[in-house]
Amino acid sequence: MATTTFSGPIKAGSIREGSSANTGFVVMAQSAAITQSTTAATSGIKIPANSQILEATVFVTTAFDNSATLSIGTSSSSNELATAVAVSTVNTIKLASQATITDADNWKDVGSSDVDIYVDSSATTADAGRAILTVTYIQNNNLA
């Protein structure tokens, strides 16, 4: 199947202006396969500047055996979005909002530059843990 790329942000609705305006931003998503690691690593997901993060979802495909939790962030410290995301059980979907949210401002607006999303399982050894991380966001919602 072919894909189409827009520079965005994309808004949809039948009335663009005035008191009856009903347009809204299209929700975007990026996904990446992640692995258990002894150090923080970029996930390969890059969120555009001024975007509002709505959710980070982790689908565990292979249980993380040297760490029970995962941290998600916008820097190599990997803890600005969520900590204590449970990853020790296979085939579970864990919403980062059910974990510990360390800084809600990072969810509201990622800032004036594009940001990489990092993950850290703080494992003692890099074992078999595997998951799919999906981050949904509203591009350039600019709520700062």
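**Figure 1. Leu70 faces Val85 across a pair of strands.** In this predicted model, Leu70 has Val85 of strand 7 standing opposite. A second match in strand 7 is Ala82, the bridge partner of Ile72. Strand 6 covers residues 69-73, and strand 7 covers residues 82-86. These two strands run antiparallel and pair over 3 bridges. Why is strand 6 described as largely enclosed by the rest of the structure? The reason is that 4 of its 5 residues are buried. Buried here means a relative accessible area under 20%.

**Figure 2. Strand 6 also pairs with strand 9.** Strand 9 spans residues 115-120. It is joined to strand 6 by 3 bridges, and the two run antiparallel. Look for Ser71 here: Asp120 in strand 9 stands opposite Ser71.

**Figure 3. Strands 4, 9, 6 and 7 make up an open sheet.** The order across this sheet is 4-9-6-7, and the pairing is antiparallel. Which strands lie at the edges? They are strand 4 and strand 7, and each of them pairs on one side only. From one strand to the next, the twist averages 25°.

**Figure 4. Gly44 is an exposed residue of strand 4.** Strand 4 takes in residues 41-47, and Gly44 is one of them. Is Gly44 buried or exposed? Its relative accessible area is 62%, so Gly44 counts as exposed. The cut-off for that label is over 50%. Now trace the chain from Gly44 to Ala56, which is 12 residues away in sequence. The C-alpha atoms of Gly44 and Ala56 are 14 Å apart.

**Figure 5. Strands 3, 10, 5 and 8 form another open sheet.** This sheet has 4 strands in the order 3-10-5-8, with antiparallel pairing. Its edge strands are strand 3, residues 27-35, and strand 8, residues 93-95. Each of these edge strands pairs on one side only. The average twist from one strand to the next is 20°.

**Figure 6. Strand 10 pairs with strand 3 and with strand 5.** Strand 10 consists of residues 130-138. How many bridges link strand 3 and strand 10? There are 9, and the pairing is antiparallel. Within this pairing, Val27 stands opposite Ile138 of strand 10. Strand 5 and strand 10 are also antiparallel, joined by 9 bridges. Val58 has Leu133 of strand 10 standing opposite.

**Figure 7. Strand 5 meets strand 8.** Strand 5 holds residues 52-62. Its link to strand 8 is made of 3 bridges, and the two strands run antiparallel. One facing pair to find is Phe59 and Ile93, with Ile93 in strand 8.

**Figure 8. Gln36 is buried in a loop.** The loop that holds Gln36 lies between strand 3 and strand 4. Gln36 counts as buried because its relative accessibility is 3%, and the cut-off is under 20%. What lies 3.1 Å from a polar atom of the Gln36 side chain? It is the backbone nitrogen of Asp65.

**Figure 9. Lys11 sits over the ring of Phe25.** The charged end of Lys11 is 4.9 Å from the centre of the Phe25 ring. What about pairs between aromatic rings? The structure holds 0 aromatic pairs.

**Figure 10. Thr3 is exposed, in the segment before strand 1.** Strand 1 is made of residues 11-12, and Thr3 comes in the segment before it. Thr3 has 72% relative accessibility, so it counts as exposed. How far is Thr3 from Ala82? Their C-alpha atoms are separated by 31 Å, and the two residues are 79 apart along the chain.

**Figure 11. The whole protein puts the close-ups in context.** The protein has 1 helix and 10 strands. Read from the N terminus, its elements run β-β-β-β-β-β-β-β-α-β-β. Its C-alpha atoms fill a box of roughly 55 × 35 × 25 Å along the principal axes. Of the 144 residues, 36% are buried. Now take the contacts between residues at least 6 apart in sequence. Among these, 74% join residues at least 24 apart.

Conventions
Residues are numbered from 1 along each chain as its sequence is written. This is a predicted model: local features need pLDDT of at least 70, side-chain atom pairs count only at pLDDT 80 or more; totals for chains, interfaces and linings use all residues. Side-chain values use heavy atoms; hydrogens and water are left out. Two strands pair if DSSP finds at least two bridges between them. Axes are lines fitted to C-alpha atoms, for helices over the stretch in contact, and angles run from 0 to 180 degrees between N-to-C directions. Rings of Phe, Tyr and Trp (its six-membered ring) pair if their centres lie within 6.5 Å; planes under 30 degrees apart count as stacked, over 60 as edge-to-face and the rest as tilted. A charge sits over a ring if NZ of Lys or CZ of Arg is within 6 Å of the ring centre and within 35 degrees of the ring normal. Buried means under 20% relative accessible area, exposed over 50%, partly exposed in between (1.4 Å probe, protein chains only). A polar contact is a pair of N or O atoms within 3.5 Å; within protein, one must be able to donate a hydrogen and the other to accept it, and residues adjacent in sequence count only if both atoms are side-chain atoms. Contact means heavy atoms within 4.5 Å.
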